[in-house]
Amino acid sequence: MQTDWTKVLGWPGYRVYAYQIEEAGRHLTLWVRRKRGNRKLTCSQCGRRVYDIHAVYDRRVRDLRCFEFETSVVVELYRVRCPHCGVKGERSDQVPSKAPYSKRFEDSVGQACEGAAARQVARRMHLAESTVRAIDLRYLERWGARRRRPPLRHLGVDEIYKGKTRQISHGGVQSGDSRAVMVWS
Ligand SMILES: [Zn+2]
């Protein structure tokens with residue numbers, strides 16, 4: 001069963017070693033640690049490879065929902081002793097920030113913010129609005145910092161129809177018409 005949960009979770013290099021299903025509360029918890037052979041540790045501060053483990057600890061993060069179950073992952077992570085930075089957390093692809101959310105959970109919040117107000121996303125995902133905004137900021141930073149939906153631009157009609165203005169007869173739009181049109185650029 002743990003092997004099956006490992007497949008369903010799909011965190012590369014990690015395996016599920018315990019799980020709990022709270023049926024009434026619709027909550028799933030998976031306990032996760034590195035697979036044997038996944039021993040490459042990276043300093044979160046400088047990105048260098050490190051070999052010296054200082055401590056092992058558990059972090060509980062919220063991950064994507066599994067059907068009707070809100071899902072938490074308790075992941076075993078290392079604090080490492082980096083020769084350049086001292087004792088730091090290891091860098092984790094799945095849990096890149098200090099906030100209690102997995103990367104793909106934050107991605108899902110950021111993506112939801114592409115098409116809805118933070119307030120609505122917060123209600124849908126049972127999060128505080130301020131949390132949604134903080135997650136969205138990290139999401140944007142991580143993905144090169146630009147909303148995919150660019151800001152509204154004002155364009156003149158002539159600019160939109162690119163010289164075909166004279167052939168347009170509908171709607172009374174003619175060359176020289178000063179009406180501006182809002183478009184998503
Ligand atoms: Zn370092």
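Start with the largest nonpolar core, which has 22 residues. Select Leu30, Val32, Val75, Val109, Val121 and Val132: these have the most contacts inside that core. Keep in mind as you click around that this is a predicted model.

Now colour the elements that feed the core. At least two of its residues come from each of β1 (14–22), β2 (27–34), β6 (69–82), α2 (103–115), α3 (118–125) and α4 (129–142). Where does that put the core relative to domain 1 (2–95) and domain 2 (102–149)? Both domains give residues to this core, so it lies between them.

Zoom in on Leu30 next. Ignoring neighbours within four places in sequence, Leu30 is in contact with Trp5, Leu9, Val16, Tyr19, Thr71 and Val73. Show those side chains together and you have the surroundings of one of the core's best-connected residues, since Leu30 is among those with the most contacts inside it.

There is also a second, separate core, this one of 5 residues. Select Leu41, Cys43, Val50 and Cys82, which are included in it.

From Leu41, hop over to Ile53. The two are 12 residues apart in sequence, and their C-alpha atoms are 8.7 Å apart in space. Ile53 sits in strand β5 (residues 53–66). Is Ile53 buried or partly exposed? Partly exposed, because it has 13 C-beta neighbours inside 10 Å. Setting aside neighbours within four places in sequence, Ile53 is in contact with Tyr78 and Val80.

Follow β5 out into the loop between β5 and β6, where you will find Phe67. Check its backbone: phi is near 55°, a positive value in a residue other than glycine. Phe67 counts as exposed, with 7 other C-beta atoms within 10 Å.

Carry on along β6 to its hairpin. A connection of 3 residues joins β6 to β7 here. The strands β6 and β7 (residues 86–89) pair in the antiparallel sense, over 4 bridges. For one of the partners, select Arg81 and Val87: Val87, in β7, is the bridge partner of Arg81.

Next stop, the helices α3 and α4. Their axes come within 8 Å and cross at roughly 110°. That makes α3 roughly perpendicular to α4. To see the contact, pick Ala118, Arg119, Val121 and Ala122 on α3, then Glu129, Val132, Arg133 and Asp136 on α4. Val121 and Val132 should look familiar, as both are among the residues with the most contacts inside the largest nonpolar core.

Stay there and select His126, in the loop between α3 and α4. His126 is another one for the Ramachandran plot: its phi is positive, about 55°, although it is not a glycine. Is His126 buried or exposed? It is exposed, with 9 other C-beta atoms within 10 Å.

Finally, zoom out to the whole chain and turn on the cartoon. You should count 5 helices and 9 strands. Trace them along the sequence and the pattern reads α-β-β-β-β-β-β-β-α-α-α-β-α-β. Colour by burial, and 19% of the 185 residues count as buried. For a contact map, look at pairs with a separation of 6 or more: residues 24 or more positions apart account for 50% of those contacts.

Conventions:
Residues are numbered from 1 along each chain as its sequence is written. This is a predicted model: local features need pLDDT of at least 70, side-chain atom pairs count only at pLDDT 80 or more; totals for chains, interfaces and linings use all residues. A residue is buried if 20 or more other C-beta atoms lie within 10 Å of its own, exposed if 12 or fewer, and partly exposed in between; C-beta atoms are placed from the backbone. Two residues are in contact if their C-beta atoms, placed from the backbone, lie within 7 Å. A nonpolar core is a set of buried Ala, Val, Leu, Ile, Met, Phe, Trp, Tyr and Cys residues joined through C-beta atoms within 7 Å. Domain bounds come from an automatic or database domain assignment. Two strands pair if DSSP finds at least two bridges between them. Axes are lines fitted to C-alpha atoms, for helices over the stretch in contact, and angles run from 0 to 180 degrees between N-to-C directions. Angles under 35 degrees count as roughly parallel, over 145 as roughly antiparallel, 65 to 115 as roughly perpendicular and the rest as oblique.
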